[in-house]
Amino acid sequence: MHLGVTTAFSQNTPVEHIVEVARLLDESGLHSLWVPEHVMFFPDYASRYPYSEDGRLAGDPKGLIDPFAALTFVAAHTRRIRLGTGICLVPQRQPIYTARLVADLDYLSGGRVDFGIGIGWLKEEFDALGMDFATRAARCAEYVAVMKALWTQEVAAFEGETVRIAPCHFHPKPVQKPHPPILVGGESEPALRRVAAFADGWYGFDLTPDALAERLARLDALLAEHGRSRAEVAVHVGPNRHRLTPESFAAYRDLGVEQVVAPLFGRDPDDFKRRVDRLLDLVR
């Protein structure tokens with residue numbers, strides 16, 4: 001089982017620190033780096049963040065570096081670590097441009113991209129972007145189909161409900177074939193249905209081993225409805241608020257998890273290094 005980390009880069013992260021952290025992670029033996037997405041935040045919002053008791057994002061953040069910009073920058077300073085979007089808000093993005101960004105990052109990184117996706121929770125963000133919040137699940141499925149067509153067809157074309165593309169050239173294609181792994185984030189019934197319908201993996205978040213076991217049983221049933229099995233789906237889990245221990249790490253492994261993605265934050269590169277060392281000691 002692999003161990004990755006998730007962190008966030010923002011206006012509070014000096015550029016030279018991002019370079020140092022990227023190189024540190026690349027040399028540490030950690031498997032992957034995942035970064036989140038929000039193009040904007042709001043001081044007041046009615047939407048509820050699903051991973052906190054009060055429904056608000058911890059720390060009330062004011063901004064994040066775009067995941068594709070951050071990961072492309074990290075790719076230029078690394079050689080081994082895999083690069084994950086955790087998660088990309090697919091239905092609030094124009095899908096052709098998203099396909100372009102994923103393919104370019106995969107090309108520039110030498111095939112190191114894991115494309116974590118979700119449908120989003122912050123309605124106010126969708127409203128500001130002029131994207132319909134109510135139809136985001138259906139558009140997510142169609143946008144994924146659009147991207148797969150662009151990545152895999154030599155002369156690509158698509159005809160759907162919301163996207164129509166005349167035969168076109170779309171290059172460079174991703175290095176990974178047929179395309180970078182698509183991992184759906186989310187723990188709800190609809191999220192698991194998306195995993196079963198079209199994903200290469202599932203990124204479950206804020207789950208204890210016991211909660212994960214319950215959700216995996218449901219995922220197995222949904223996969224069977226699509227003629228698929230767990231062997232076709234890479235399971236990633238982010239403990240988030242649940243402290244990672246040697247015991248929980250072993251429990252995730254016993255449940256068939258391919259990768260644990262632990263939260264990792266630090267005041268500066270030296271603090272990051274101390275926390276990386278503690279994390280690695282925890283799971284050795």
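In this predicted model, Tyr107, Leu108 and Val175 together make a nonpolar surface patch of about 320 Å². One member of the patch, Val175, sits in the loop that runs between strand S6 (164–168) and strand S7 (182–185). With a relative accessible area of 41%, Val175 is partly exposed. Partly exposed is the class between buried, which is under 20% relative accessible area, and exposed, which is over 50%.

The loop between S6 and S7 that holds Val175 also contains two prolines with cis peptide bonds. One of them is Pro172, placed in the loop between S6 and S7; the peptide bond leading to Pro172 from His171 is cis, with omega near 5°. The other is Pro178, also placed in the loop between S6 and S7. Here the bond from Lys177 to Pro178 is cis, and omega is near 0°.

From this loop we can move to the sheet. Strands of a sheet pair through backbone hydrogen bonds, and the pairing can be parallel or antiparallel. How many strands close into the barrel, and in what order? There are eight, in the order S1-S2-S3-S4-S7-S8-S9-S10, and their pairing is parallel. From one strand to the next, the twist averages 25°. Within this order, S4 is followed by S7. Strand S4 (residues 113–118) and S7 run parallel and are joined by three bridges. As for single residues, Phe115 has Ile182 in S7 as its bridge partner. Helix H5 (residues 136–152) packs on the sheet and touches both S4 and S7. The direction of H5 makes about 155° with that of S4.

Next, consider Val163, found in the loop between strand S5 (156–159) and S6. Is Val163 buried or exposed? Its relative accessible area is 9%, so Val163 counts as buried. Which residues does Val163 contact, leaving aside neighbours within four places in sequence? They are Pro95, Glu142, Tyr143, Val146 and Phe158. A different pair gives a sense of distance: Val163 and Ala191 are 28 residues apart in sequence, and their C-alpha atoms are 22 Å apart in space.

Charged side chains form another part of the picture. The structure holds 22 salt bridges. In one of these, the side chains of Arg241 and Glu53 meet, with an N to O distance of 3.7 Å. Why does this pair tie together parts that are 188 residues apart in sequence? Arg241 lies in the loop between strand S9 (234–238) and helix H8 (246–254), while Glu53 lies in the loop between strand S2 (32–35) and helix H2 (67–76), so the salt bridge links those two loops. Arg241 is partly exposed, at 44% relative accessible area, whereas Glu53 is exposed, at 73%.

Another salt bridge joins Arg56 and Asp60, whose closest N and O atoms are 3.0 Å apart. Both partners are partly exposed: Arg56 has a relative accessible area of 25%, and Asp60 has 41%. Asp60 lies in the loop between S2 and H2, the loop in which Glu53 is also found. The backbone of Asp60 has a further feature: its phi is positive, about 45°, although Asp60 is not a glycine.

A positive phi also occurs at Asp206, where the value is about 60°; this residue is not a glycine either. Asp206 is placed in the loop between strand S8 (201–205) and helix H7 (209–225). With a relative accessible area of 11%, Asp206 is buried, whereas Asp60 is partly exposed.

A salt bridge can also form within a helix. The side chains of Asp277 and Lys273 meet in a salt bridge of 3.1 Å, N to O. Asp277 and Lys273 are four residues apart in helix H9 (residues 269–283), so about one helical turn separates them. Asp277 is partly exposed, at 33% relative accessibility, and Lys273 is partly exposed too, at 41%. Elsewhere, salt bridges that share partners join Glu189, Arg193, Arg218 and Glu225 into one network.

Note on methods: Residues numbered from 1 in each chain as written. Predicted model: local features only at pLDDT ≥ 70, side-chain atom pairs only at ≥ 80, totals over all residues. Heavy atoms only, no water. Patch = residues over 30% accessible without salt bridge, like charges linked within 9 Å, V, L, I, M, F, W, Y side chains within 5 Å. Areas by Shrake-Rupley, 256 points an atom, 1.4 Å probe, with all protein chains shown as cover. Salt bridge = Lys/Arg side-chain N within 4 Å of Asp/Glu carboxyl O. Buried < 20%, exposed > 50% of the residue type's maximum accessible area, 1.4 Å probe, protein only. Pairing = 2+ DSSP bridges. Axes fitted to C-alpha atoms, helices over the stretch in contact; angles between N-to-C directions. Contact = heavy atoms within 4.5 Å.
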